[in-house]
Amino acid sequence: MNITVESLVGGKTSPYDELFKKLGEKTFKVLNIEKEDSDVNVIFVDIETIHKLNLAFRGIDRPTDVISLEEVHEEDPNLKFFDKYQSFLGEIYICFEVADKNRKEYGNSIEREICFLFVHGLLHLLGYDHMKKEDEEIMFSLQDKIFDGEDLWNQTK
């Protein structure tokens, strides 16, 4: 899995390059996906940008922590990753400011929170959602499996 991490708000992305790669590989393993040449872009953005993205793509007029924008096929926008096994899955936008608020609420380290948001966003790119209760149970169960036994980040708060 190829993951490109960039920041539009400054700061180092290097701590997350390897963490995202390991978690991406584990996600594919848990989901039994054998597609090693998949590409994902992760972009750290500020609160104003994530707010604008949330409004433009979800119609929700407030900031959020993570938004995933999957690759759309020009020939058939209803096709998903599993239909075509394309290489580029899409982009995951993460807002550090909102993630920092979340980590304080949940008692996580910032590294753990950012990694959670990456996995959550990746699952969205792979077609999972949590709009309905039954879908939420599936997606959240997968998140638990992916993080089970993982201690890749600093657990200090």
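A residue is called buried here when its relative accessible area is under 20%, and two residues are in contact when they have heavy atoms within 4.5 Å of each other. The structure discussed is a predicted model, and in it the buried residues of helix α1 pack against β1 (2-7), β2 (39-45), β4 (88-95), α5 (110-125) and α6 (133-147). This briefing takes the overall fold, helix α1, residue H124 and the two largest pockets in turn.

**Overall fold**

- The protein contains 6 helices and 4 strands, and reading along its sequence gives the pattern β-α-β-α-β-α-β-α-α-α.
- The protein has 157 residues, of which 44% count as buried.
- If one takes the contacts between residues at least 6 apart in sequence, 68% of them join residues that are at least 24 apart.

**Helix α1 and its buried residues**

- Helix α1 covers residues 14-30, and because a helix is expected to rise 1.5 Å a residue, its 17 residues should span 24 Å, which agrees with the 25 Å that separates its end C-alpha atoms.
- The residues of α1 that count as buried are Y16, L19, F20, L23, G24, K26, T27 and F28, and it is these buried residues that pack against strands β1, β2 and β4 and helices α5 and α6.
- As general background to such a list, an α-helix has 3.6 residues a turn, so residues three or four places apart point the same way.
- Just after α1, N32 adopts a positive phi of about 55°.

**F28, a residue of α1**

- F28 lies in helix α1, and it counts as buried because its relative accessibility of 5% falls under the 20% cut-off.
- Once neighbours within four places in sequence are set aside, F28 is in contact with M1, I33, K35, S38, L89 and L126.
- F28 and L122 stand 94 residues apart in sequence, while their C-alpha atoms are 9.9 Å apart in space.

**H124, a residue of α5**

- H124 has its place in helix α5, and its side chain reaches the backbone oxygen of Y128 at a distance of 2.9 Å.
- Leaving out neighbours within four places in sequence, the residues in contact with H124 are S68, E70, D129, H130 and M139.
- H124 is also one of the residues that lie nearest the centre of the largest pocket, together with R58, V66, H120 and H130.

**The largest pocket**

- The largest pocket encloses about 900 Å³ of space, and its lining is made up of 33 residues.
- The elements that each give two or more residues to this lining are α2 (47-58), β3 (66-70), α4 (96-106), α5 and α6.
- Helix α5 supplies the largest share of the lining of the largest pocket, with 8 residues.
- Sorted by class, the lining of the largest pocket holds 14 nonpolar, 10 polar and 9 charged residues.

**The second largest pocket**

- The second largest pocket has a volume of about 180 Å³, and 14 residues line it, with V9, G10, K12, F44 and F96 lying nearest its centre.
- Two or more lining residues of the second largest pocket come from each of α1, β2 and α4.
- The lining of the second largest pocket divides into 6 nonpolar, 4 polar and 4 charged residues.

Conventions: Residues numbered from 1 in each chain as written. Predicted model: local features only at pLDDT ≥ 70, side-chain atom pairs only at ≥ 80, totals over all residues. Heavy atoms only, no water. Expected span 1.5 Å × (residues − 1). Buried < 20%, exposed > 50% of the residue type's maximum accessible area, 1.4 Å probe, protein only. Polar contact = N/O pair within 3.5 Å; in protein donor to acceptor, adjacent residues only side chain to side chain. 1 Å grid on protein atoms, 1.4 Å probe; cavity = no way out; pocket = protein on both sides within 12 Å on 5 of 7 lines; lining within 4 Å. Points joined across faces, edges and corners; volume = space filled by probe spheres on them. Nonpolar A, V, L, I, M, F, W, Y, C, P; charged D, E, K, R; others polar.
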